[in-house]
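Open the model in your viewer and keep a selection box handy. We will go from stop to stop, picking out a few residues at a time.

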Amino acid sequence: RLLNSMISDRLIKVCLGREESSFRQLKNGLPQGSVLAPLLFNVYSADIPTTLSRKFIYADDIALAYQHNDIKKTEQALTDDLSVLADYFRAWKLNPNPTKTEVSCFHLNNRLANYKLNVTLDGVKLKHNEHPQYLGVTLDRSLTFKSHLQKTAAKLKTRANIVQHLAGSTWGANAKVLRTTSLSLVYSAAEYCAPVWLNSAHVREVDVVLNRAMRTITGTL
């Protein structure tokens with residue numbers, strides 16, 4: 001009864017300035033932001049078909065991964081699997097969107113560094129993204145995580161500046177407050193998915209900002 005109440009008889013309207021549209025009834029979909037929505041979607045798609053590619057599913061975010069020495073066979077396998085999934089989703093009233101689907105290739109072959117995968121979905125060639133972002137982590141062809149760490153460092157610099165503005169030699173927050181602020185603003189963002197990129201040669205990009213935050217806390221900046 002609770003689930004039926006959650007997904008039935010839902011009305012929506014659009015407000016723009018002082019103008020409002022009339023109410024329309026939603027006949028499908030789940031309430032956005034609901035804690036039960038990911039679970040219900042998993043139940044809804046529990047019979048998702050088997051594919052040659054390995055599937056990584058997080059709520060309604062689905063990624064396919066296929067490994068082969070022949071790049072043409074990789075393209076064909078991904079295209080075939082996408083066709084299977086597209087038919088499945090359409091059968092369950094879910095429309096795949098080629099414009100929101102991207103492909104990327106990960107390898108160490110420099111001769112193919114500029115190669116763009118030819119993978120299609122519903123006859124539409126998918127966009128090749130050299131630096132795709134998956135679950136908040138920016139990837140690159142050789143998985144050096146250089147781009148991700150540069151973006152993370154830029155974000156941390158902005159947050160470290162906030163902490164620095166709270167500090168002062170004769171005024172400002174004490175070390176305990178600065179530490180708590182740094183942990184919540186700086187370190188929480190820095191440590192996101194750290195086990196993935198921790199051994200990257202570009203990790204110094206983040207270390208420099210963290211060291212600066214520590215010097216601010218201890219008053220040695």
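One definition will help on this tour: a residue is called buried when its relative accessible area is under 20%, exposed when it is over 50%, and partly exposed in between. Please also keep in mind that this is a predicted model.

**Stop 1: the whole chain**

Colour the chain by domain to begin. Domain 1 takes in residues 1–37, domain 2 covers 47–130, and domain 3 runs over 146–218. If you place a marker at the C-alpha centre of domain 1 and another at that of domain 3, the two markers will be 40 Å apart.

Now select residues 1–139. UniProt, in an unreviewed entry, gives this stretch the feature "domain: Reverse transcriptase". Within residues 1–139, helix makes up 25% and strand 23%, and the C-alpha atoms at the two ends are separated by 43 Å.

**Stop 2: a nonpolar patch**

Select Leu-3, Val-35, Leu-36, Leu-39 and Val-43 and show them as a surface. Together they make a nonpolar patch on the surface with about 480 Å² of accessible area. Zoom in on Val-35, a member of this patch. Val-35 sits in the loop between β4 (24–26) and α2 (37–44). Is Val-35 buried or exposed? Its relative accessible area is 76%, so Val-35 counts as exposed, the cut-off being over 50%.

**Stop 3: the salt bridges**

How many salt bridges does the model have? The count is five, and we will visit some of them.

Start with Lys-13 and Glu-20. Their salt bridge has its closest N and O atoms 2.8 Å apart. Lys-13 is partly exposed at 36% relative accessibility, while Glu-20 is exposed at 53%.

Next, select helix α3 (71–91). Show the side chains of Lys-72 and Glu-75, which form a salt bridge with a closest N to O distance of 3.9 Å. Both residues belong to helix α3, where they are three residues apart, about one turn of the helix. Here the opening definition comes into play: Glu-75 has a relative accessible area of 5%, and because this is under 20%, Glu-75 is buried.

Stay in helix α3 and select Asp-87 and Arg-90. Their side chains meet in a salt bridge of 3.1 Å, N to O. These two are three residues apart in α3, so about one helical turn separates them. Arg-90 is partly exposed at 35% relative accessibility, and Asp-87 is also partly exposed, at 44%. Now add Asp-122 to the selection: salt bridges with shared partners link Asp-87, Arg-90 and Asp-122 in one network.

**Stop 4: a hairpin**

Select residues 54–58 and 61–65, which are strands β5 and β6. The two strands run antiparallel and are joined by five bridges. Look across the pair from Lys-55, and you will find Leu-64 of β6 standing opposite. The hairpin has two residues between its strands, and Ala-59 in this hairpin has a positive phi near 55°.

While you are here, select Ile-57, which lies in strand β5. Ile-57 is partly exposed, with 41% relative accessibility. Draw a C-alpha to C-alpha distance from Ile-57 to Asn-42: these residues are 15 apart in sequence and 9.1 Å apart in space.

**Stop 5: a long line across the model**

Where does His-68 lie? Look in the loop between β6 and α3. His-68 is partly exposed, with a relative accessible area of 38%. Then draw a line to Thr-216: from C-alpha to C-alpha, His-68 and Thr-216 are 49 Å apart, with their positions 148 residues apart in sequence.

**Stop 6: two positive phi angles**

Finish with two loop residues, neither of them glycine. Leu-135 has a positive phi, near 50°. You will find Leu-135 in the loop between β11 (133–134) and β12 (137–138), partly exposed at 34% relative accessible area.

Cys-193 likewise has a positive phi, near 60°. Cys-193 is in the loop between α5 (175–190) and α6 (194–197), and with a relative accessible area of 26% Cys-193 is partly exposed.

Terms used
Residues numbered from 1 in each chain as written. Predicted model: local features only at pLDDT ≥ 70, side-chain atom pairs only at ≥ 80, totals over all residues. Heavy atoms only, no water. Patch = residues over 30% accessible without salt bridge, like charges linked within 9 Å, V, L, I, M, F, W, Y side chains within 5 Å. Areas by Shrake-Rupley, 256 points an atom, 1.4 Å probe, with all protein chains shown as cover. Salt bridge = Lys/Arg side-chain N within 4 Å of Asp/Glu carboxyl O. Helix = DSSP H or I, 4+ residues; strand = E, 2+ residues; numbered from the N terminus. Buried < 20%, exposed > 50% of the residue type's maximum accessible area, 1.4 Å probe, protein only. UniProt positions renumbered as here; feature names shortened; annotations may be inferred. Domains from an automatic or database assignment. Pairing = 2+ DSSP bridges.
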